[in-house]
Amino acid sequence: MTDILLQVRQLEVVYHRVATAVQGVSLEVPKGSIVALVGTNGAGKTTTLRAISGFLPSEDAEITDGDITYGDRRINGQLPHQMARAGVILVPERDKVFGTLSVEDNLEFAARGGGEITLERVLGYFPLLTQRKSQLAGYLSGGEKQMLAIGMALLCRPTLLLIDELSLGLAPIVIKDLMALLHRISKELGLTVLLVEQNANAALAIADFGYVMEGGRVVFYGKASELISHPDVREFYLGGAAQSETKSYRDIKQYRRKRRWWG
Ligand SMILES: Nc1ncnc2c1ncn2[C@@H]1O[C@H](COP(=O)(O)OP(=O)(O)OP(=O)(O)O)[C@@H](O)[C@H]1O
Ligand SMILES: [Mg+2]
């Protein structure tokens with residue numbers, strides 16, 4: 001049997017006691033694997049990561065149904081510092097580094113807990129950070145900031161790394177290099193990764209398994225290699241149509257059902 005590190009069962013999350021953002025989401029993250037959680041704007045990806053990492057209360061949101069199990073512990077309602085201590089480290093979409101501190105100070109801050117992954121090892125993965133060490137983190141480019149954030153996360157004793165939009169705002173070539181590096185880091189360190197991405201192509205290319213979310217639900221899941229070749233996934237999430245606001249897989253599915261009914 002595969003060793004499952006994280007299991008989410010029938011998760012439901014509500015913001016401000018009124019708005020349901022995630023409805024009945026289930027997913028599994030096997031130990032040592034990279035799992036991609038992809039989907040268009042507002043699908044509920046960030047909300048799912050917040051539920052796992054304990055960041056719902058600060059957004060006035062709560063888990064209203066379902067279970068999250070990490071290792072053998074049910075972790076519903078745990079707070080961010082408790083999850084971080086347990087090895088669940090989130091690299092958030094925004095505000096991932098301390099902009100008014102230097103690169104060096106950001107790294108030293110992250111390393112203060114004394115994890116097994118040394119600063120030398122991190123700088124080995126991201127040599128550019130050595131060149132930029134005296135620069136204020138707020139003035140780094142998007143790609144450099146992302147490297148610093150991942151470097152910091154690696155210093156925080158991670159067992160499960162949650163990354164929200166690695167590719168956001170980055171040039172295609174930078175995305176490709178960063179994804180390849182993330183894959184190498186995960187395999188070399190035996191690090192389990194749950195990677196949230198709008199860029200489904202880039203994420204599925206390095207993932208072992210993938211989940212596609214739309215409207216707060218999982219609409220597809222499977223081995224990443226199978227999702228990449230699935231015709232509907234290709235049409236709606238890997239091609240141009242995925243980026244279109246007007247076309248949604250769920251709408252089209254309903255349309256097809258109706259057509260079948262009348263036709
Ligand atoms: N802090 C918040 N307060 C209220 N509603 C929120 C909040 N954050 C997200 N939502 C709502 O929850 C739903 C899911 O949003 P979420 O941010 O999880 O989607 P996402 O898949 O991460 O989208 P994106 O790709 O744009 O980052 C959306 O309808 C969004 O408006
Ligand atoms: Mg998001």
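1. Helices in this note are DSSP runs of H or I of at least four residues, numbered from the N terminus. Ser 186 lies in one of them, helix α7. The model is a predicted one, and the values below are computed from it.

2. Ser 186 has a relative accessible area of 1% and is therefore buried, the cut-off for that class being under 20%. A polar atom of the Ser 186 side chain is placed 2.8 Å from the backbone oxygen of Leu 191. Leu 191 also appears among the residues that Ser 186 touches once those up to four places away in sequence are set aside; the others are Gly 32, Ile 34 and Val 193. The polar contact and the list of touching residues can thus be checked together at Leu 191.

3. Ile 185 belongs to helix α7 as well. Its relative accessibility is 1%, so Ile 185 counts as buried. Beyond its neighbours within four places in sequence, Ile 185 is in contact with Tyr 125, Phe 126, Leu 154, Gly 190 and Leu 191. Leu 191 is therefore on the contact list of Ile 185 and on that of Ser 186. For a sense of distance across the model, the C-alpha atoms of Ile 185 and Thr 20 are 35 Å apart, with the two positions 165 residues apart along the chain.

4. Leu 154, one of the contacts of Ile 185, is a buried residue of helix α6. Helix α6 runs over residues 142–155, 14 residues in total. From its first C-alpha to its last, α6 reaches 20 Å, close to the 20 Å expected at 1.5 Å a residue.

5. How many of the residues of α6 are buried? The count is 12 of 14, and the helix is mostly covered. The buried residues include Gly 143, Glu 144 and Gln 146, along with Met 147, Leu 148, Ala 149 and Ile 150. Also buried in α6 are Gly 151, Met 152, Ala 153 and Leu 155. As background, an α-helix has 3.6 residues a turn, so residues three or four places apart point the same way.

6. The cover over the buried residues of α6 includes strands β6 (88–91) and β7 (160–164). Helices α3 (103–111), α4 (119–125), α5 (128–131) and α7 (172–189) are also among the elements that cover them.

7. Leu 123 is part of helix α4. With a relative accessibility of 22%, Leu 123 counts as partly exposed; the limit for buried is under 20%. Apart from neighbours within four places in sequence, Leu 123 is in contact with Leu 107, Leu 129 and Thr 130. The C-alpha atom of Leu 123 is 33 Å from that of Gly 44, and the two residues are 79 apart along the chain.

8. Some backbone angles deserve a look. Most residues other than glycine have a negative phi. Arg 157, just after α6, takes a positive phi of about 50°. Gln 10 has a phi near 50° and is not a glycine; Gln 10 lies within strand β1, residues 4–15. Asp 95 likewise has a positive phi near 50°. Asp 95 sits in the loop between β6 and α3 and, at 75% relative accessible area, is exposed.

9. Gly 216 is placed in the loop between β9 (209–214) and β10 (217–223). Is this loop residue buried or exposed? At 0% relative accessibility, Gly 216 counts as buried. Not counting residues up to four places away in sequence, Gly 216 touches Ala 21, Val 22, Gln 23, Val 25 and Ala 43. The C-alpha atoms of Gly 216 and Ser 167, 49 residues apart along the chain, are 21 Å from each other.

10. Ligand 1 has 16 residues around it, of which Asn 41, Gly 42, Lys 45, Thr 46 and Thr 47 come nearest. Helix α1 (residues 45–53) supplies the largest share of this shell, four residues. By class, the shell holds eight polar, five charged and three nonpolar residues.

11. Which polar atoms approach ligand 1? A polar backbone atom of Gly 42 is 2.8 Å from an oxygen atom of the ligand. A nitrogen atom of ligand 1 lies 3.0 Å from a polar side-chain atom of Glu 59. The side chain of Glu 93 has an N or O atom 3.3 Å from an oxygen atom of ligand 1. The protein buries 69% of the 630 Å² that ligand 1 exposes when taken alone.

Definitions and conventions. Residues are numbered from 1 along each chain as its sequence is written. Chains are lettered from A and ligands numbered from 1 in the order in which they are written. This is a predicted model: local features need pLDDT of at least 70, side-chain atom pairs count only at pLDDT 80 or more; totals for chains, interfaces and linings use all residues. Side-chain values use heavy atoms; hydrogens and water are left out. A residue is near a molecule or strand if one of its heavy atoms lies within 4 Å of it. A polar contact is a pair of N or O atoms within 3.5 Å; within protein, one must be able to donate a hydrogen and the other to accept it, and residues adjacent in sequence count only if both atoms are side-chain atoms. Accessible areas come from the Shrake-Rupley method with a 1.4 Å probe; for residues, only the protein chains shown count as cover. Helices (H or I, at least four residues) and strands (E, at least two) are DSSP runs, numbered from the N terminus. Ala, Val, Leu, Ile, Met, Phe, Trp, Tyr, Cys and Pro count as nonpolar, Asp, Glu, Lys and Arg as charged, and the others, Gly among them, as polar. The expected span of a helix is 1.5 Å times one less than its number of residues. Buried means under 20% relative accessible area, exposed over 50%, partly exposed in between (1.4 Å probe, protein chains only). Contact means heavy atoms within 4.5 Å.
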